[in-house]
Amino acid sequence: AMVQKISVEKKHTDLASFMSWGYNPNISEKSPYHGAYLAVVESVSKLVATGAEFKDVYLSFQEYFEKPMKDPKRWGKPLAALLGAFKAQMNLGVAAIGGKDSMSGSFENIDVPPTLISFAVTTDKACNVISPEFKRAGSRVVILKPDYDSNGLPETDSLLNLFKSVTSLMREGKVLSASTPVIGGVAEAVMKMSMGNGYGFSFNPELSMKDIFGYAYGAFILEVAADFECGTLLGYVTEKAEYTYGNDRVGTSLISELYENKLESVYSCNIKTASEKPETVSY
């Protein structure tokens, strides 16, 4: 999510706008309905994980689909996605107040996956913002999940109650950092939370691979004090920069390098030589 203070002239403000997004193409190409529903859940959950309260959240959708032509199956994909997004809005009581759609996502025999991206926005006080990076070694890291129905979607009452619980814990000062699992599950969230301050992480050996890599939309990963118990234990933040699970361990620097180098040839972040240092210019 991104957070920015509202621009005002000649006076202080603590009011900030929050914005996030949600979309998983792997789910959407299997079921546009599920993909759109969970896109809404993801975008809203990211705002809550950033410290915003749920009550004044609004949405905007960006849709992109293959050319439907006269094929009923192709027409069914945007219809299923819109039904999923509509159901999510009705269940959560949030409205989409804008959007953009395109039905031109085809080139020769290549089609885009069914795409409905949910953008969520709200406002809250900047002092309530919780950043996602781990804050200190020794912290306990837990996950709080909503209940899921027979279709694998979060149960509405359970999810709304979880939003309230997480916000309450944050307002009470019990949360040091927070995130919500998305396309890469707990593993991705923990990786990114570790990167910020260069910490490592020791996973609870009782967790399964599904617990670590599976989907958990609407769940929250919270860094709390070592003596504070809530949710399900994921593990502990470590001073040593490595990820451990049972007897397996891997350095965080290796994972970070693999993660960051994916786009290095396109958007380079590494300054190779002294001659490549950017020129200092005056504005």
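This is a walk through the structure, stop by stop, with something to select at each one.

Before you start clicking, note that this is a predicted model, in which local features need pLDDT of at least 70, side-chain atom pairs count only at pLDDT 80 or more, and totals for chains, interfaces and linings use all residues. Residues are numbered from 1 along each chain as its sequence is written, and side-chain values use heavy atoms, with hydrogens and water left out.

**Stop 1: helix H2**

Select residues 32-49, which make up helix H2. Helices here are DSSP runs of H or I with at least four residues, strands are runs of E with at least two, and both are numbered from the N terminus. Now show the side chains of Lys 46 and Glu 42: they form a salt bridge, with the closest N and O atoms 3.0 Å apart. The term covers a side-chain nitrogen of Lys or Arg within 4 Å of a carboxyl oxygen of Asp or Glu. Both residues sit in H2, four residues apart, about one turn of the helix.

Is Glu 42 buried or exposed? Glu 42 is buried, at 3% relative accessible area, and Lys 46 is buried too, at 13%. Buried means under 20% relative accessible area, exposed means over 50%, and partly exposed is in between, using a 1.4 Å probe and protein chains only.

**Stop 2: helix H5**

Jump to residues 185-195 for helix H5. Pick Lys 192 and Glu 188, whose salt bridge has its closest N and O atoms 2.8 Å apart. About one helical turn separates the two, because they are four residues apart in H5. Glu 188 is buried at 16%, whereas Lys 192 is partly exposed at 37%.

Colour the whole helix by accessibility while you're here. How many of the 11 residues in H5 are buried? The count is nine, so the helix is mostly covered by the under-20% cut-off. Among them are Val 186, Ala 187, Val 190 and Met 191.

**Stop 3: more salt bridges**

Select Lys 174 and Glu 172 next; their side chains meet in a salt bridge at 3.3 Å, N to O. Lys 174 is partly exposed at 35%, and Glu 172 is partly exposed as well, at 46%.

Then bring up Glu 66, Arg 74, Lys 77 and Asp 111 together, since you'll want to see them as a group. These four are linked in a network of salt bridges. The count of salt bridges comes to nine.

**Stop 4: two surface patches**

Switch on a surface and select Asp 147, Asp 149, Glu 155 and Asp 157, which form a negative patch. Patches are made of residues with over 30% relative accessible area and no salt bridge, joining like charges within 9 Å and nonpolar side chains (Val, Leu, Ile, Met, Phe, Trp, Tyr) within 5 Å. Asp and Glu count as negative and Lys and Arg as positive, while His and the chain ends are not counted. Each charge is placed at NZ of Lys, CZ of Arg, CG of Asp or CD of Glu. Within this patch, Asp 157 belongs to helix H4 (residues 156-171) and is exposed at 59%.

For the nonpolar counterpart, select Met 2, Met 19, Tyr 58, Ile 97 and Val 121, which make a patch of about 450 Å². Accessible areas come from the Shrake-Rupley method with a 1.4 Å probe, and for residues only the protein chains shown count as cover. Tyr 58 is in strand E3 and is partly exposed at 40%.

**Stop 5: two positive phi angles**

Which loop holds Met 69? Look between strand E3 (58-64) and helix H3 (72-92). Met 69 has a positive phi of about 50° although it is not a glycine, and it is exposed at 55%.

Glu 108 also has a positive phi, near 50°, and is not a glycine either. Find Glu 108 in the loop between strand E5 (106-107) and strand E6 (110-111), exposed at 72%.

**Stop 6: cysteines and a long hop**

Select Cys 127, which is exposed at 56%, then Cys 230, which is buried at 17%. The structure holds zero disulfides, a disulfide being a pair of cysteine sulfur atoms within 2.5 Å.

Finish at Ser 256 in helix H7 (residues 252-260), buried at 17%. Draw a C-alpha to C-alpha distance to Lys 30: the two are 226 residues apart in sequence and 30 Å apart in space.
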